[in-house]
Amino acid sequence: MSSTTPAPDPAVPADVRVGVIGVGQMGADHVRRISERIKGARVAVVTDYFRDKAQEIAGAVPGCRVVDSPEELIGAEDVDAVLIASPGQFHRDQAVACIDARKPVLCEKPLAMNPEDAYEVVRAEAAAVAETGTPYVSLGFMRRFDREYAELRDAIAAGELGRISLLNLKHRNAHTLPGFVDTMMVYDSAVHEVDAISYFLDEQVTGVQVLLPVAGPRAEEGQHDPMLILFRTASGVIVTDELYVNTAAGYEVRTEAVGSAGIATIGLEHGRVTTHLEGGRWGGSIPADFRPRFIDAYDAEVQAWIAAIREGANVAERSATAWDGYLAAAVCQAGEQALSTEGFVPVSTQPRP
Ligand SMILES: NC(=O)c1ccc[n+]([C@@H]2O[C@H](COP(=O)([O-])OP(=O)(O)OC[C@H]3O[C@@H](n4cnc5c(N)ncnc54)[C@H](O)[C@@H]3O)[C@@H](O)[C@H]2O)c1
């Protein structure tokens, strides 16, 4: 060290060295986020099933290296914390490996592809917590970090809307990729609303029903689009969730909470409104996908995770937990059954370890 280089201040924690597993759409977005906007962290290691892709992403991040496998990344000495952005079917094993290595992990949703696998992660974490007293898993239900979501939850909790009877939710996408069949609409799209219900109401979903209206003109093979999912909660609130994943227009997510003293709506997202002087029209634009809509929520989610790691605080304090991921998987499983069943399908869950 040269005589002019100040010694590191031991009171200031070093940057958290993050390893990112899977650098597709979401993982690459998180790498950029951590490198450009998140304080107190840097991406140290990445891996992807396609090594070329990992190399391309790492090439844009000073000091970032590529390893061949998730196992190597999780075990690496220069990785303090892991962000999993691989496809959902790999999350169980990768999350359990992080817990076994006693490293904090931010796992993109879903925690696993079925409740049994999700419960394995919950049990692995519970065993680790019993030994170290520290939770390890944060789950990427980023809507919990959206300002409007938080405001609505606070208003409901404060009783501002009175007794809630209904939540009306809408989830619309411009397009889906081939293979995005009905079960994907439940497990991949509606799963966000499933978590939002327990976030808003602080209670569990106990039953799920699916209604299939006349299909829209752009419904893909194996897809009933739009689809209406009804959820019933433990206290009797009914939630309607309209999924319309091939509108061709853009990404829209709305929530309306209907209570005895008020009705509140979030997600109107007008942004800039322009009056067109010719033609007598006015209007704005719809974001193409979820990234612009929830960019602040993703940033806040990752920043809160990094801050908790640096402070030695509970990483799952503000985020969704492994248990939330298990509950969401159990509701989605009931939703999958409801695709071919009349009436409400009950949600069954195991006790929390
Ligand atoms: N929170 C959100 O709003 C949100 C939005 C989109 C996606 N997601 C979630 O993020 C995850 C990734 O989705 P995506 O859209 O980025 O998918 P993607 O297909 O674009 O990217 C996945 C990447 O993982 C790589 N990969 C495949 N198997 C792997 C393995 N075993 N180990 C390491 N890498 C592997 C693939 O090569 C690919 O580059 C999914 O779980 C998805 O549900 C969350």
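## Ligand contacts and the domain interface

User: Happy to start with the ligand: how far is a backbone N or O atom of S86 from an oxygen atom of the ligand?

Analyst: Glad to help, and please keep in mind that this is a predicted model. The pair joins a backbone N or O atom of S86 to an oxygen atom of the ligand. A polar contact needs such atoms within 3.5 Å. The distance here is 3.4 Å.

User: Which part of K53 approaches an oxygen atom of the ligand, side chain or backbone?

Analyst: K53 is listed among the closest of the 27 residues that surround the ligand. One of its N or O atoms is 2.9 Å from a ligand oxygen atom. For Y49 the atom concerned belongs to the backbone and lies 3.5 Å from a nitrogen atom of the ligand. For K53 it belongs to the side chain.

User: Which residues are the closest of those that surround the ligand?

Analyst: The ligand has 27 residues around it. A handful of these are singled out as the closest: M26, D48, K53, K109 and Y298.

User: How is the protein chain divided, and what distance separates the centres of domain 1 and domain 2?

Analyst: Domain 1 covers 16-143 + 297-320, while domain 2 covers 145-290 + 328-346. Their contact takes 19 residues from domain 1 and 18 residues from domain 2. Taken over C-alpha atoms, the centres are separated by 27 Å.

User: Which three residues supply the most of the area that domain 1 buries against domain 2?

Analyst: The area buried between the two domains is about 1700 Å², and carbon and sulfur atoms give 62% of it. On the side of domain 1, three residues supply 47%, more than any other three. They are K109, F141 and R143.

User: Which residue forms a salt bridge with E193?

Analyst: Across the interface of domain 1 and domain 2 there are two salt bridges. In the pair that involves E193, the closest N and O atoms are 2.9 Å apart. The cut-off is 4 Å, so this pair qualifies. The partner of E193 is R143.

User: Which helix gives the most to the side of domain 1 that touches domain 2?

Analyst: Seven residue pairs are in polar contact between the domains. On the domain 1 side, the elements that give two or more residues are helix 1 (25-36), helix 5 (115-132) and helix 8 (290-311). By class, that side has eleven nonpolar, three polar and five charged residues. The element that gives the most, with five residues, is helix 8.

User: Where do R32 and D29 both lie?

Analyst: The side chains of these two residues meet in a salt bridge, at 3.4 Å from N to O, and the count of salt bridges comes to 24. R32 and D29 are three residues apart, about one turn of the helix. Both lie in helix 1.

User: What is the omega of the peptide bond from K109 to P110?

Analyst: P110 sits in the loop between strand 5 (105-108) and helix 5. The bond from K109 to P110 is cis. Another cis bond runs from D225 to P226, with omega near 5 degrees, and P226 is in the loop between strand 8 (205-211) and strand 9 (227-233). For K109 to P110, omega is near -5 degrees.

User: What value does phi of R102 take?

Analyst: Most residues other than glycine have a negative phi. R102, in the loop between helix 4 (91-100) and strand 5, has a positive value. Its phi is near 60 degrees.

Notes. Residues are numbered from 1 along each chain as its sequence is written. This is a predicted model: local features need pLDDT of at least 70, side-chain atom pairs count only at pLDDT 80 or more; totals for chains, interfaces and linings use all residues. Side-chain values use heavy atoms; hydrogens and water are left out. Domain bounds come from an automatic or database domain assignment. Contact means heavy atoms within 4.5 Å. Buried area is the accessible area (1.4 Å probe) that two parts lose on being put together, summed over both. A polar contact is a pair of N or O atoms within 3.5 Å; within protein, one must be able to donate a hydrogen and the other to accept it, and residues adjacent in sequence count only if both atoms are side-chain atoms. Helices (H or I, at least four residues) and strands (E, at least two) are DSSP runs, numbered from the N terminus. Ala, Val, Leu, Ile, Met, Phe, Trp, Tyr, Cys and Pro count as nonpolar, Asp, Glu, Lys and Arg as charged, and the others, Gly among them, as polar. A residue is near a molecule or strand if one of its heavy atoms lies within 4 Å of it.
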